[in-house]
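Reader: I have a chain on my screen and no idea where to start. Can we go through it together?

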Amino acid sequence: WLKPLWCKAVSSRPTPPLYSGPLSVPFQDMARVKAFELRSKTSKELLKELDEMKAELATLRVAKVSGGAASKLAKIKVVRKAIARILTVFNQKQKAEARKQYKG
């Protein structure tokens with residue numbers, strides 16, 4: 001019994017893993033941003049970290065469009081949450097400074 005020619009092309013491809021969800025590869029290079037650590041930083045440091053996170057999010061979105069790994073797709077959520085935390089702490093600092101300035 002001979003296989004048709006198209007079967008050879010399919011069998012030469014590597015088989016995908018059974019599960020390639022977000023938990024298949026742990027995040028080793030990216031630790032979660034903690035709000036209490038961000039509060040100890042200055043506004044300039046927060047803005048610098050915000051720019052880095054936004055740049056990383058842009059590269060992850062490019063990887064998503066080009067068919068990146070599952071770990072990169074899951075990392076998008078982590079980076080988005082980190083950006084939200086940085087902006088929250090930054091806005092809290094701005095409000096506290098404004099209150100202190102107008103209080104007297």
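The questions below go from the overall fold to single residues.

Reader: Which elements make up the secondary structure, helices or strands, and in what order do they run?

Author: This is a predicted model. Its secondary structure has 4 helices and 0 strands. From the N terminus on, the order is therefore α-α-α-α.

Reader: Where is confidence lowest, and where is it highest?

Author: The mean pLDDT of the protein is 81, and 69% of its residues reach 70 or more. Over residues 21–28 the pLDDT is below 50, and this stretch has 8 contacts beyond near neighbours in sequence. Among the helices, α1 (residues 5–11) has a mean of 53. That is where confidence is lowest, and it is highest in α3, at 95.

Reader: What share of the 104 residues counts as buried?

Author: To count as buried, a residue needs under 20% relative accessible area. L38 passes, at 1%. K41 does not, at 27%, and counts as partly exposed. Of the 104 residues, the share that counts as buried is 20%.

Reader: How does the 34-residue helix α4 compare with its expected span?

Author: Take 1.5 Å a residue, and the 34 residues of α4 should span 50 Å. The model can be checked at the end C-alpha atoms of α4. The two values agree, because those atoms are 50 Å apart.

Reader: And what span should α3 have, with its 23 residues?

Author: The rule is again 1.5 Å a residue. The end C-alpha atoms of α3 are 33 Å apart. That agrees with the expected span for 23 residues, which is 33 Å.

Reader: Which residue with a positive phi follows α3?

Author: Look just past the end of α3 (43–65). The residue there has a phi near 80 degrees, which is positive. It is G67.

Reader: Which helix supplies the largest share of the largest nonpolar core?

Author: That core has 14 residues, and L38, L46, M53, V79, I83 and I86 have the most contacts inside it. Both α3 (43–65) and α4 (70–103) supply at least two of its residues. The largest share is 7 residues, and it comes from α4.

Reader: What do the buried residues of α4 pack against?

Author: The buried residues of α4 include A82, I83, I86, V89 and F90. An α-helix has 3.6 residues a turn, so residues three or four places apart point the same way. The buried residues of α4 pack against α2 (35–39) and α3.

Reader: Which helices help cover the buried residues of α3?

Author: In α3, L46, E49, L50, M53, L57, L60 and A63 are buried. What covers them includes two helices, α2 and α4.

Reader: Which residues does L38 touch?

Author: L38 lies in helix α2. Its C-alpha atom is 8.4 Å from that of R85, although the two are 47 residues apart along the chain. Leave out residues up to four places away in sequence, and L38 touches V33, L46, E49, R85, I86, V89 and K93.

Reader: Which residues is I83 in contact with?

Author: I83 sits in helix α4. I83 is buried, with a relative accessible area of 9%. Leaving aside neighbours within four places in sequence, its contacts are L50, M53, K54 and L57.

Reader: Which residue forms a salt bridge with E49, and how far apart are the closest N and O atoms?

Author: The model has 2 salt bridges by the rule used. E49 is buried, at 14% relative accessible area. Its partner is partly exposed, at 27%. The partner is K41, and the closest N and O atoms are 2.6 Å apart.

Reader: How many residues apart in sequence are the parts tied together by E56 and K75?

Author: E56 forms a salt bridge with K75, with the closest N and O atoms 3.0 Å apart. E56 lies in helix α3 and K75 in helix α4, so the pair ties together parts whose separation in sequence is 19 residues.

Reader: Which of these is it for K75, buried or exposed?

Author: The cut-off for buried is under 20% relative accessible area. K75 has 11%. E56 has 22% and is partly exposed. K75 falls under the cut-off, so K75 is buried.

Note on methods:
Residues numbered from 1 in each chain as written. Predicted model: local features only at pLDDT ≥ 70, side-chain atom pairs only at ≥ 80, totals over all residues. Heavy atoms only, no water. Core = buried A, V, L, I, M, F, W, Y, C linked by side-chain atoms within 4.5 Å. Buried < 20%, exposed > 50% of the residue type's maximum accessible area, 1.4 Å probe, protein only. Expected span 1.5 Å × (residues − 1). Contact = heavy atoms within 4.5 Å. Salt bridge = Lys/Arg side-chain N within 4 Å of Asp/Glu carboxyl O. pLDDT = per-residue confidence, 0-100.
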